[in-house]
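Please open the structure in your viewer and keep the selection panel at hand. The tour below goes from stop to stop, saying at each one what to select and what can be found there.

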Amino acid sequence: MKIAVFPGSFDPITIGHVDLIKRAQPLFDRIIVAVGVNSTKKTLFSLEQRLEWLHQVFTEYPGIGVDHFENLTAHYCQRIGAHYLLRGLRNGSDFDYEKTISQLNHIVGNGIETLFLIAQPEYSHISSTIVREIIVGGGDPTPFIPEQIKISPTSITT
Ligand code: ADP
């Protein structure tokens, strides 16, 4: 069984993430969308809120699971029997960052391979960071987030 982990903060999930997962679906038997919990990294939304949104978006998708993990991504993959990581590349700075991480994960994870998909042009400008700025600034994030989720100022839980 080919299992891939799509790790991220998903603070919050965007239509860019969803597009990437949809495109990767035919390549794997199962994809686990996993929130990496890093206690030193401050997020706008709580872990519970981010997981709830992921569940809402992916309930309909066959072969997609939602989970979270602490500590190293590579160790989480080994624990659940995933040999692949899935990541997206939007631009050169994503590439520079991801290259190092994937090389490290290959060593730490005993041969884990990271599969990269290039963002489609219509999504390559979308990031959780931009969506957070829009929300905090009082703007409307709906063009950038999946239609199943509703974000209001009261969703800010951290
Ligand atoms: P992290 O905090 O680990 O960067 P993110 O939740 O921001 O996690 O992103 C998770 C993954 O989704 C990353 O590989 C990122 O490159 C990818 N990604 C984010 N936005 C997009 C997008 N608009 N199109 C394609 N991939 C994306």
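Which residues are exposed on the other side of H5? Before selecting them, bear in mind that this is a predicted model. With helix H5, residues 128-136, highlighted, pick out Ser 128, Val 131 and Ile 135, which are buried. These three lie on the same side of H5, because they cover an arc of only 60 degrees around the axis. Turning to the other side of H5, you will find Glu 133 and Val 136, and these are the exposed residues asked about. The buried residues of H5 pack against helix H1, residues 15-24, which will be the next stop. Before leaving, select Gly 138, which follows H5 and has a positive phi, near 85 degrees.

Now select helix H1. This helix is largely enclosed by the rest of the structure, since seven of its ten residues are buried. To see them, colour Gly 16, His 17, Val 18, Asp 19, Leu 20, Ile 21 and Ala 24, the buried residues of H1. At the start of the helix, add Thr 14, a side-chain oxygen of which reaches to within 3.1 Å of the backbone nitrogen of Gly 16.

From here, move on to the nonpolar interior. In soluble globular proteins, nonpolar side chains tend to be buried together. The largest nonpolar core in this model has 32 residues, and those with the most contacts inside it are Phe 6, Ile 31, Val 33, Leu 54 and Phe 58. If you display the secondary structure alongside these side chains, you can trace the contributors: strand E1 (3-8), H1, strand E2 (30-37), helix H2 (47-58), strand E3 (64-70) and H5 each supply at least two residues of this core. The largest share, six residues, comes from H2. Apart from this core lies another, of eleven residues, including Ile 3, Val 5, Phe 69 and Ala 74.

For a closer view of the largest core, centre on Ile 31. Leaving aside neighbours within four places in sequence, Ile 31 is in contact with Ala 4, Phe 6, Ile 21, Ala 24, Gln 25, Gly 63, Ile 64, Gly 65 and Leu 86. Of these contacts, Ile 21 and Ala 24 will be familiar from the previous stop, where they were listed among the buried residues of H1.

Next, select Ala 82, in the loop between helix H3 (73-80) and E4. Is this loop residue buried or exposed? At 1% relative accessibility, Ala 82 counts as buried. Not counting residues up to four places away in sequence, Ala 82 touches Ile 3, Val 5, Cys 77 and Ile 112, and of these Ile 3 and Val 5 belong to the core of eleven residues.

Continue to Asn 105, which is found in helix H4 and counts as buried, at 13% relative accessibility. Beyond neighbours within four places in sequence, Asn 105 is in contact with Ala 74, Leu 85, Asn 110 and Ile 112. Elsewhere in H4, select Phe 95, which is partly exposed, with a relative accessible area of 45%.

Then step to Asn 91, in the loop between strand E4 (84-89) and helix H4 (92-108). Asn 91 counts as partly exposed, at 39% relative accessibility, and its side chain makes a polar contact with the side chain of Ser 93, at 3.1 Å. If you also mark His 125, you will see two residues that are 34 residues apart along the chain, with their C-alpha atoms separated by 9.2 Å.

The last stop is the ligand. Of the 17 residues around the ligand, Ser 9, Phe 10, Gly 88, Tyr 123 and Ile 126 come nearest. Which side chains place polar atoms 3.1 Å from an oxygen atom of the ligand? Lys 41 does so through an N or O atom of its side chain, and Arg 87 through a polar side-chain atom. For Arg 90, look instead for a nitrogen atom of the ligand, which is 3.2 Å from an N or O atom in that side chain. With a surface switched on, consider how the ligand is enclosed: the protein covers 88% of the 550 Å² of accessible area that the ligand has on its own.

Technical notes:
Residues are numbered from 1 along each chain as its sequence is written. This is a predicted model: local features need pLDDT of at least 70, side-chain atom pairs count only at pLDDT 80 or more; totals for chains, interfaces and linings use all residues. Side-chain values use heavy atoms; hydrogens and water are left out. Buried means under 20% relative accessible area, exposed over 50%, partly exposed in between (1.4 Å probe, protein chains only). Helices (H or I, at least four residues) and strands (E, at least two) are DSSP runs, numbered from the N terminus. The arc is that of the directions from the helix axis to the C-beta atoms. Contact means heavy atoms within 4.5 Å. A nonpolar core is a set of buried Ala, Val, Leu, Ile, Met, Phe, Trp, Tyr and Cys residues joined through side-chain atoms within 4.5 Å. A residue is near a molecule or strand if one of its heavy atoms lies within 4 Å of it. A polar contact is a pair of N or O atoms within 3.5 Å; within protein, one must be able to donate a hydrogen and the other to accept it, and residues adjacent in sequence count only if both atoms are side-chain atoms. Accessible areas come from the Shrake-Rupley method with a 1.4 Å probe; for residues, only the protein chains shown count as cover.
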